[in-house]
Structure formats: structure tokens, C-alpha cells
Amino acid sequence: ASAVTLGLTYKDELVTVMMYDTANGAVRGNKKGYELVRLAIARNTQVHGGASKLQKACEEVLREMNVTEIFSYSNATINNGAVYEKLGFKSGGIDEGQPFVIDRDNQIIRLVSLPPYSTDEQLALRGRLKTHIGGNKMWVKDITKEGGEND
């Protein structure tokens, strides 16, 4: 298996790139297959419909490689997934992050590594702030049909 990387150019300058590569479950969870690992648009650049054009072209190449499903992840805290929805992906659930504590010296400590008396009140008295890393939201898309429609 190999990566599928396509780009858009404007006046001989690369302005947008999309890359799918095999995940094999190595980075997040155990999902295997082709993952959208990069969509990059040059700073101060707008390409109307660019992501959709690249998505369609990538899907054509992936279908020729007998790929039937693609997926990606977004940060569940800072990304609402609008671009994935526009590209035809469906929500595949959330891999929730773990609670962390930020210490006075800005060190991040896993909450489970702290003593059992670490209630919110105790953390506040020690100058610590409990936060929650939101985890990743999975997006999946069936590309067996031309145009990649999901049923």
C-alpha cells in the first residue's frame, strides 16, 4: 500500500495538498485502512471548492486501489467537523481523551497519577487546574459508489 497525495496549483504555485495514507492502527485506536492525514492550504489563500475537488480525485485513485472506506480524525475540542461533513464523511464516534492536571509550573500530570485525595477542592488549594483533553472524533466515508455517497 502507498500514500495518495494530490495537490492544486495556481499560477505554477502549489496552494492546496491532500494526503491519504495507510494508518494500520498505529497512531489512534485500532482502525486500519486509508486515513486522510493531511489537508493543507497555503496561508492567505482561498480555493473555493478546492478540498472537494481534491477529495473527489483522491477517492477515484483509492477506488482504483480497491479501497472501499476511508476515515479521518478531528480534535473533538477545537474542531466541529464541518469540513468533513462537506466532504461526505459521517461521524464515527469519539475517542475521549484523559483528564489531566496542569501544575503551577505548567507541568501536565495525568489525573490518575495523583493521590486519591485529589478532589477538585484539593487541586484548587494546591494551585492546580484540572482540565480535559477532548480526544479525537472519528469520521468515516464509504467510497464504493462514484462520488462517495454514504447511505
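Accessible areas in these legends come from the Shrake-Rupley method with a 1.4 Å probe. The structure shown throughout is a predicted model.

**Figure 1. Overview of the protein chain, with its exposed area and its order of helices and strands.** The protein chain exposes about 9800 Å², and carbon and sulfur atoms supply 48% of this area. Of its 151 residues, 27% count as buried. The secondary structure amounts to three helices and nine strands, which follow one another along the sequence in the pattern β-β-β-α-β-α-β-β-β-α-β-β. Among the contacts in the protein chain with a separation of 6 or more, 63% are made by residues 24 or more positions apart.

**Figure 2. Close-up of the hairpin formed by β1 and β2.** The two strands, β1 (4–10) and β2 (13–22), run antiparallel and are joined by seven bridges. One residue pair in this view is T9 and its bridge partner L14, the latter in β2. Two residues lie between the strands of the hairpin, and in this turn K11 has a positive phi of about 50 degrees. Most residues other than glycine have a negative phi. The positive value at K11 belongs to a residue other than glycine, and K11 is exposed, with a relative accessible area of 70%.

**Figure 3. Close-up of N44 in the loop between β3 and α1.** The loop that holds N44 connects strand β3 (34–41) with helix α1 (50–64). Although N44 is not a glycine, its phi is positive, at about 60 degrees. The relative accessibility of N44 is 80%, and because exposed means over 50%, N44 counts as exposed.

**Figure 4. Close-up of the salt-bridge network of E59, R63 and K141.** Side chains of opposite charge can pair when their charged atoms come close. A search of the whole structure finds two salt bridges, and this view shows how E59, R63 and K141 are linked in a network of such bridges. In one of them, the side chains of R63 and E59 meet at 3.8 Å, N to O. R63 and E59 both lie in helix α1, where they are four residues apart, about one turn of the helix. E59 also forms a salt bridge with K141, and here the closest N and O atoms are 2.5 Å apart. Because E59 lies in helix α1 and K141 in strand β9 (residues 136–142), this pair ties together parts that are 82 residues apart in sequence. R63 and E59 are both buried, E59 having a relative accessible area of 2%. K141 is buried as well, with a relative accessible area of 3%.

**Figure 5. Close-up of a nonpolar surface patch that includes I41.** The patch is formed by L39, I41, V47 and V83, which together have about 270 Å² of accessible area. I41 has its place in strand β3. The relative accessibility of I41 is 47%, and I41 therefore counts as partly exposed, a term that covers values between the 20% limit for buried and the 50% limit for exposed.

**Figure 6. Close-up of the aromatic cluster formed by Y84, F89 and W139.** A pair of aromatic rings is described by the distance of the centres and the angle of the planes. The structure holds three aromatic pairs. In one of them, the rings of Y84 and F89 have their centres 5.6 Å apart and their planes at 90 degrees, so this pair is edge-to-face. Y84 also forms an aromatic pair with W139, and this pair is stacked, with 5.4 Å centre to centre and 5 degrees between the planes. Because Y84 lies in helix α2 (residues 82–86) and W139 in strand β9, the stacked pair ties together parts that are 55 residues apart in sequence. The members of the cluster can also be described by their accessibility: Y84 counts as buried at 9% relative accessibility, F89 is buried with a relative accessible area of 2%, and W139 counts as buried at 0%.

Terms used. Residues numbered from 1 in each chain as written. Heavy atoms only, no water. Buried < 20%, exposed > 50% of the residue type's maximum accessible area, 1.4 Å probe, protein only. Pairing = 2+ DSSP bridges. Contact = heavy atoms within 4.5 Å. Salt bridge = Lys/Arg side-chain N within 4 Å of Asp/Glu carboxyl O. Patch = residues over 30% accessible without salt bridge, like charges linked within 9 Å, V, L, I, M, F, W, Y side chains within 5 Å. Phe/Tyr/Trp six-rings, centres within 6.5 Å; stacked < 30°, edge-to-face > 60°.
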